[in-house]
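The following report describes a single protein chain for a reader at the bench. It begins with one residue and widens from there to the sheets, the domains and the chain as a whole.

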Amino acid sequence: MQHLAISLPFASTLTEQSVSTTFHVEVMNDLETGQPTLVASTYPNQGDLQVVTMEQVGGKASEAHAVIAQGVALAAAYEAATAAPAEAPPTQTAIDLETGDALLFTCMTGCNYPHASDEGTPGFADEVTCVNYDRKNQGVLPIGCGDDSTPGPVLSTLIQVDHFHPDPARRAPYAAVEVFEDHFLEYLDPDALAAVIDHFEERVAAMRVRHAELVRARAEYLGRQA
Ligand SMILES: [Zn+2]
């Protein structure tokens, strides 16, 4: 196998490591009887090929998804370790509505909240927030409520910090998953966000099963109408 080396201008702080997974599912037909059998393997050489149930395939899929997530995290760590040092974020000033005091804070790296629009307008100290909006999330889904279907992005993940909030957990950057416009799962620390991702991943895997069931139900239904 060819090894692709990417040369770096400086020594990496990352140790050499690799992540890979194999997810093999197959229907084998008995040569004599034609009887189909569901088999699966997680070894690259398929050395552990064995008869499985649909449920076991789901379990293996969850394990493979976890490894894929590790691979994505490794790539993100590589990018962070090799990126040019971020410029120091600017200092911002907000006016405390209750005391009239100027509140000085250093913007969160990656903040893309337009603080300038608030400048000079007094606000509540616990609402002084930096936000890194999920600008890459451009796709929309028309989500209906009764007769009204409003297209909007789903599952945007914002990173926020509330600089002067009384709750210390909110004075450190936390995630807010905007499930749909104005519907949030908020104040998620990294472990809580990981739990949300696991839940969504489980739901998406279940939707794939439902998709297969829909295809089958539709074919069976339409077949009977014919
Ligand atoms: Zn900011």
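## A residue in strand 6 and its surroundings

T129 lies in strand 6 of what is a predicted model. Is T129 buried or exposed? Because 20 C-beta neighbours fall inside 10 Å of it, and 20 or more is the cut-off for burial, T129 counts as buried. Apart from its neighbours within four places in sequence, T129 is in contact with Y113, Q160, V161 and D162. The C-alpha atoms of T129 and S156, which are 27 residues apart along the chain, are separated by 18 Å.

## The four-stranded sheet

Strand 6 belongs to an open sheet of four strands, arranged in the order 6-9-10-11 with antiparallel pairing. Its edges are strand 6 (129–132) and strand 11 (183–188), each of which pairs on one side only. From one strand to the next, the twist averages 25°. Helix 2 (residues 190–225) packs on this sheet, where it touches strand 10 and strand 11, and the direction of helix 2 makes about 140° with that of strand 11.

Within the sheet, strand 9 (residues 156–162) and strand 10 (residues 174–180) run antiparallel and are joined by five bridges. Q160, one of the contacts of T129, has Y174 in strand 10 as its bridge partner, while L158 stands opposite A176 in strand 10. On to strand 11, strand 10 pairs in the antiparallel sense over four bridges, with L185 in strand 11 as the bridge partner of V177. Strand 10 and strand 11 form a hairpin with two residues between them, and D182 in the turn has a positive phi of about 65°.

## The three-stranded sheet

A further open sheet consists of three strands in the order 1-2-3, again with antiparallel pairing. Strand 1 (24–29) and strand 3 (50–51) are its edge strands, each pairing on one side only. Strand 1 is joined to strand 2 (residues 36–41) by six bridges, and the two run antiparallel; E26 stands opposite V39 in strand 2.

The strand pairs described so far are set out below.

| Strand pair | Bridges | Sense |
|---|---|---|
| Strand 1 and strand 2 | six bridges | antiparallel |
| Strand 9 and strand 10 | five bridges | antiparallel |
| Strand 10 and strand 11 | four bridges | antiparallel |

## The chain as a whole

The chain has two helices and 11 strands, and from the N terminus on its elements run β-β-β-α-β-β-β-β-β-β-β-β-α. Its radius of gyration is 25 Å, well over the 17 Å that the globule rule gives for 226 residues, so the chain is more spread out than a compact globule. Taken along the principal axes, the C-alpha atoms fill a box of roughly 85 × 60 × 25 Å. The domain assignment gives domain 1 (10–85) and domain 2 (91–142 + 150–188), and the C-alpha centres of domain 1 and domain 2 lie 37 Å apart.

Of the 226 residues, 5% count as buried, and T129 is one that counts as buried. Among contacts in the chain with a separation of 6 or more, 36% are accounted for by residues 24 or more positions apart.

## Confidence

How confident is the predictor in this chain, and where is confidence lowest? The mean pLDDT is 90, and 95% of the residues reach 70 or more. Confidence is lowest in strand 8 (residues 148–152), at a mean of 85, and highest in strand 2, at 97.

Notes:
Residues numbered from 1 in each chain as written. Predicted model: local features only at pLDDT ≥ 70, side-chain atom pairs only at ≥ 80, totals over all residues. Pairing = 2+ DSSP bridges. Axes fitted to C-alpha atoms, helices over the stretch in contact; angles between N-to-C directions. Contact = placed C-beta atoms within 7 Å. Domains from an automatic or database assignment. Buried ≥ 20, exposed ≤ 12 C-beta atoms within 10 Å, placed from the backbone. pLDDT = per-residue confidence, 0-100. Rg over C-alpha atoms; globule rule 2.2 N^0.38 Å.
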